[in-house]
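Dear colleague,

Please find below the structure I am handing over to you. My notes on what was found in it follow directly after.

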Amino acid sequence: MAATVLVPPAHCHRATAAAATSAAISHCALPPARRRRGSRAVRAAAAPEQSQSGVSLAGASGSGHGSAGDDAKAALRRALEGADRGIFGMTSVRRSEVHRLVELLEARNPTPEPTAELREKVDGCWKLIYSTISILGKKRTKLGLRDFISLGDFLQIIDVKEEKAVNVIKFSARAFKILSGKLTVEASYSVTSKTRVDIKLESSTITPEQLMNIFQKNYDMLLAIFNPEGWLEITYVDETLRIGRDDKENIFVLERADPSEV
């Protein structure tokens, strides 16, 4: 709303000389300072609210299609740059911004019944770009994930026809001239609602044998971190991005990947 400019009423112009005192003028005129405050208030009310990432919060419940959804996805990817999927921790400020963008996308989910469109939207290869699963402190030290072993890509292959999911977590060990290997976790799933699937662990292996020897002592700890068993709620999915939440209150953000990366 534009600021209102007060116009002195007609009776003020017809006032007698005795009435045309400074007191009368003060009742009929709007002080300039008050008018300036009104202009600033109008401008502030008109400006859309912005997040730290520069994404407008206006219309947060709108569709995930179009520029609004694309802007939110781009902002999320920027917020995750250099974060190493959040597995080794991040600042509370950065994590809050990532979660705000995740919730913004979930509110704009273009696929409200994802389990009805698993073949079209979920089938295929995905790469993890963010998770609330963390490997910190003594756990990280015991697994050798500080200097000795590097954690590589986390890939997921969904086979809708067979109702199978295979998670592949890549590692490299510098002590063996950059020995590369992977933990492969195979699981089956069943649809339980329009948005949820139940997941059952089927098997897990580490290859090659040299890498298995490194993890042998703490294998149960490693598997406990990456065990997918439980239920998973698909809270957002489109052609390139998928978000899920599990029964352990973890968040997973994945993007489409080339199967050749596996």
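**Strand pairing and what surrounds it**

Strands E1 and E2 run antiparallel and are joined by 4 bridges. Within this pairing, Lys-127 stands opposite Leu-155 of E2. Please keep in mind throughout that this is a predicted model.

The protein chain as a whole contains 9 helices and 8 strands. Of its 262 residues, 39% are buried. The chain exposes about 14700 Å², and carbon and sulfur atoms supply 54% of that area. Among contacts in the chain with a separation of 6 or more, 62% are between residues 24 or more positions apart.

**The barrel**

In what order do the strands close into a barrel? The order is E1-E2-E3-E4-E5-E6-E7-E8, with antiparallel pairing. On average, and with direction ignored, neighbouring strands of this sheet are turned by 35° against each other. In general, the strands of a sheet pair through backbone hydrogen bonds, in either a parallel or an antiparallel sense.

Strand E1 (residues 124-131) is also joined to strand E8 (residues 251-256), by 5 bridges, and these two strands run antiparallel. Here Tyr-130 has Val-253 in E8 as its bridge partner.

On the other side of the E1 and E2 pairing, E2 pairs with E3 in the antiparallel sense over 9 bridges. One of the residues involved is Ile-158, whose bridge partner in E3 is Ala-165. E2 and E3 form a hairpin with 4 residues between them, and Glu-163 in the turn has a positive phi of about 55°.

Two helices lie across groups of these strands. Helix H5 (residues 92-107) lies across E1, strand E6 (230-237), strand E7 (241-246) and E8, and runs at about 105° to E7. Helix H9 (residues 219-226) lies across E2, strand E3 (164-173), strand E4 (179-191) and strand E5 (196-207), and runs at about 150° to E5.

**A closer view of Gln-156**

Gln-156 is found in strand E2, which spans residues 149-159. Is Gln-156 buried or exposed? Its relative accessibility is 14%, so Gln-156 counts as buried, the cut-off for burial being under 20%. The side chain of Gln-156 makes a polar contact of 2.9 Å with the side chain of Asn-167. Apart from neighbours within four places in sequence, the residues in contact with Gln-156 are Gly-124, Cys-125, Trp-126, Val-166, Asn-167, Arg-242 and Leu-254.

**Salt bridges**

Side chains of opposite charge can pair when their charged atoms come close. How many salt bridges does a search of the whole structure find? The search finds 11, and three of particular use to a new reader are described here.

One of them is formed by Glu-106 and Arg-245, whose closest N and O atoms are 2.8 Å apart. Glu-106 lies in helix H5 and Arg-245 in strand E7, so this pair ties together parts that are 139 residues apart in sequence. Glu-106 is buried, with a relative accessible area of 18%, whereas Arg-245 is partly exposed at 27%.

Another joins the side chains of Glu-261 and Lys-127, with an N to O distance of 2.8 Å. Because Glu-261 lies in the segment after E8 and Lys-127 in strand E1, the pair ties together parts that are 134 residues apart in sequence. Glu-261 is partly exposed, with a relative accessible area of 26%, while Lys-127 counts as buried at 18% relative accessibility.

A further salt bridge is that of Arg-196 and Glu-233, whose side chains meet at 2.7 Å, N to O. This pair links distant parts of the chain, with Arg-196 in strand E5 and Glu-233 in strand E6, 37 residues apart. Arg-196 is partly exposed, with a relative accessible area of 27%, and Glu-233 is buried, with a relative accessible area of 18%.

Finally, Lys-127, Asp-153 and Glu-261 are joined into one network by salt bridges that share partners. Lys-127 thus appears twice in these notes, standing opposite Leu-155 in E2 and meeting Glu-261 in a salt bridge.

With kind regards

How values were computed. Residues are numbered from 1 along each chain as its sequence is written. This is a predicted model: local features need pLDDT of at least 70, side-chain atom pairs count only at pLDDT 80 or more; totals for chains, interfaces and linings use all residues. Side-chain values use heavy atoms; hydrogens and water are left out. Buried means under 20% relative accessible area, exposed over 50%, partly exposed in between (1.4 Å probe, protein chains only). Contact means heavy atoms within 4.5 Å. Accessible areas come from the Shrake-Rupley method with a 1.4 Å probe; for residues, only the protein chains shown count as cover. A polar contact is a pair of N or O atoms within 3.5 Å; within protein, one must be able to donate a hydrogen and the other to accept it, and residues adjacent in sequence count only if both atoms are side-chain atoms. Two strands pair if DSSP finds at least two bridges between them. Axes are lines fitted to C-alpha atoms, for helices over the stretch in contact, and angles run from 0 to 180 degrees between N-to-C directions. A salt bridge is a side-chain nitrogen of Lys or Arg within 4 Å of a carboxyl oxygen of Asp or Glu.
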